Amino acid sequence: MTGKKRNVIGFVLGLALLTLVGLISLYLSQVFNQVVKVNGLREILASEVVIAIVLGMLINNLIIDRIPKLAKFLEPGLEAFEFLLKLGIVFLGARIIASDLLRLGGIGLGMVVVEILFSIFFVVLFAKLFKLPEKLGSLLSVGVAICGVSAIIGTSGAIQAKKEEANYAIATILIFGAAALIIYPLIGRLLNMTQNLFGVWAGLAVDNTAESLATGKLYDQVLNSGNDIAFKAATIAKMCRNALMGFVILGFAIYYASKGMAKQIEHKGRFLWQKFPKFVLGFILFAVIASLGIFGPPESPLLSSLKSIEHWAFLLTFAGVGLRTRFGDMAKTGWKPFVVGISTEAAVAAFTLLMVLLLGRFLPRITG
Amino acid sequence: MGKKRQVNNNEIERAVDEKKSQTLHLDWWAFIVAGVITALLVIFTYTQVKPIKATNDGVVTKIDDVNPDDPDYKERKGEGPIVFVDYQGQSESYRNLWPVFVSENQKVTTNQLIGWAWPKKGLKIPFKEVVKPLLPKDNKKPAPKDSAIIDSLRTGRHS
């Protein structure tokens, strides 16, 4: 079998596995909803987000990850969830009211700038304390501050970091992303946070886009709210973070170039455009089009169709989040990056939580 | 050591270039695929949407919009407003309009665009029959009150 043919078959089978996990999650969600009678427990067990992620984790860690050839073979299809995530985000724009986007996005951008500065300062400080290589510290800081894996990959190229450093940073970020899915909703429930506040917090503090959005969606489902307020708020806050990715990477690139440790960036405008996540533009465009009424009244047949596609795109994304989580990665990170990671994640979570609680009264409420 | 570092950097540059190009493509593809799917859905939907025009000179008596305080909110959620127009004693109502181009008490002239009627799954009155004459042509009976018309439209029971 040629490499290309193998890739195509692997892509189809990987995508089929994502779809299968999604379908089983939907089915189990309905079953648990009827079988489990205990309030509180039912909402968690019947959450299709929880089921898709847990099922994905189990399949990956018990089967796929143990057979390296199978893991490599299915990789092209399983990685398709990144595309589905972006597709889902663009479609979600159709359910966001442009005025909500403008109001929350405006305040969100300000909060994101503060969060980024705090995260970078804290991670760099901790990395120095634990004597981590400087570039590994920088990679961890962009991972925590902005957008997890994408930001780390973007920065590692710009500052010419080592492959192992990038791998360490990515593994660390992924582990904490998975942990956030459990810890954040628990804290949200303990503090009795509103969906709006929780969503903004998840969008500001959880590293990866997929995990961040999943955390928001999970909170909506755990509360059995019947709407997507936390999910939408998390998406808007996270998009603000993603939009600033280019500026932070450029900052690090200039810093390392000034020390002679990386190449100079010649066309800064072009560099920023290259690093800008274009799907954010799609998200904004869809919100504007929807707000102009082109998609019809809320829950019109057209919007219902878009919502169905978005629902499936995200469900498969969440299955993909589970399928890429490897418990074995914990051992690979080494204890120092892990300690720096856990300390900074905790600090950033606490700082952003405080910021959200303090500024909560100024945050506009998202329409469900 | 220097050579090893060089190899590592080349490797990471290659991996980063590959990932960067994939991500760039994913970004644009997400945009393009979403745009194409939506454009097809919009075209399909708008082939079913019907422009509602005034059948005569008249006046808009009421626009019954859906609001969360409405007891039938759940049932009517996702529908556009019902517009009532009085054509010199004969009332007609148009359901599930979006957008509405007229306002209450506004005079309308023949063929003036009142709004677009949207199809809706499970709508009790098929949207192609949205024009509902409420009075016989001889105009002897008094016109029913708007509230009675709204009730009959909501429940689907018409006299």
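At what angle do helix α6 (residues 98-129) of chain A and helix α12 (residues 229-243) of chain A pack? This tour of a predicted model begins with that pair.

**First stop: α6 and α12 of chain A**

Select residues 98-129 and residues 229-243 of chain A. The two helices pack at an angle of about 55°, and their axes lie 8 Å apart. That angle makes α6(A) oblique to α12(A). In passing α12(A), α6(A) forms a right-handed crossing. To inspect the contact, display the side chains on each helix. From α6(A), the participants are Asp100(A), Leu101(A), Leu104(A), Gly105(A), Gly108(A), Leu109(A), Val112(A) and Glu115(A); they meet Ala233(A), Ile236(A), Ala237(A), Cys240(A) and Arg241(A) of α12(A). Sorted by class, the residues of this contact comprise eight nonpolar, two polar and three charged.

**Second stop: α6 and α18 of chain A**

Keep α6(A) selected and add helix α18 (residues 335-359) of chain A; the axes of these two helices come within 10 Å and cross at roughly 155°. An angle over 145 degrees counts as roughly antiparallel, and α6(A) and α18(A) are therefore roughly antiparallel to each other. Their crossing is right-handed. On the α6(A) side, the contact is made by Met111(A), Val114(A), Glu115(A), Phe118(A), Ser119(A), Phe122(A), Val123(A), Phe126(A) and Ala127(A). On the α18(A) side, colour Val340(A), Ser343(A), Thr344(A), Ala347(A), Val348(A), Phe351(A), Thr352(A), Met355(A), Val356(A) and Leu359(A). The contact of α6(A) with α18(A) has 14 nonpolar, four polar and one charged residues. Glu115(A) deserves a label, as it appears in the contact with α12(A) and in that with α18(A).

**Third stop: the loop after α6**

Move next to Lys131(A), in the loop between α6 and α7 (134-147) of chain A. What is the sign of phi at Lys131(A)? The value is positive, near 55°, in a residue other than glycine.

**Fourth stop: α9 of chain A**

Select residues 163-190 of chain A, which form helix α9. At 1.5 Å a residue, its 28 residues should span 40 Å, and the end C-alpha atoms are 40 Å apart, which agrees. Where is the kink in α9(A) centred? Centre the view on Ala180(A), where the helix has a kink of about 40°. Beyond the helix, select Asn192(A), which follows α9(A) and has a positive phi, near 55°.

**Fifth stop: α11 and α16 of chain A**

Helix α11 (residues 209-222) of chain A packs with helix α16 (residues 301-324) of chain A at an angle of about 115°, with 10 Å between the axes. This crossing is left-handed. Ala210(A), Glu211(A), Leu213(A), Ala214(A) and Lys217(A) of α11(A) meet Phe314(A), Thr317(A), Phe318(A), Val321(A) and Arg324(A) of α16(A). The contact holds six nonpolar, one polar and three charged residues.

**Last stop: a cis peptide bond in chain B**

Finally, turn to chain B and select Trp98(B) and Pro99(B), which are joined by a cis peptide bond with omega of about -10°. Pro99(B) belongs to strand β5 (residues 97-100) of chain B.

Notes:
Residues numbered from 1 in each chain as written. Chains lettered and ligands numbered in written order. Predicted model: local features only at pLDDT ≥ 70, side-chain atom pairs only at ≥ 80, totals over all residues. Heavy atoms only, no water. Axes fitted to C-alpha atoms, helices over the stretch in contact; angles between N-to-C directions. Helix = DSSP H or I, 4+ residues; strand = E, 2+ residues; numbered from the N terminus. Parallel < 35°, antiparallel > 145°, perpendicular 65-115°, else oblique. Left-handed = near helix turned anticlockwise from the far one by under 90°. Contact = heavy atoms within 4.5 Å. Nonpolar A, V, L, I, M, F, W, Y, C, P; charged D, E, K, R; others polar. Expected span 1.5 Å × (residues − 1). Bend = angle between axes of the 7 residues up to and from the residue.
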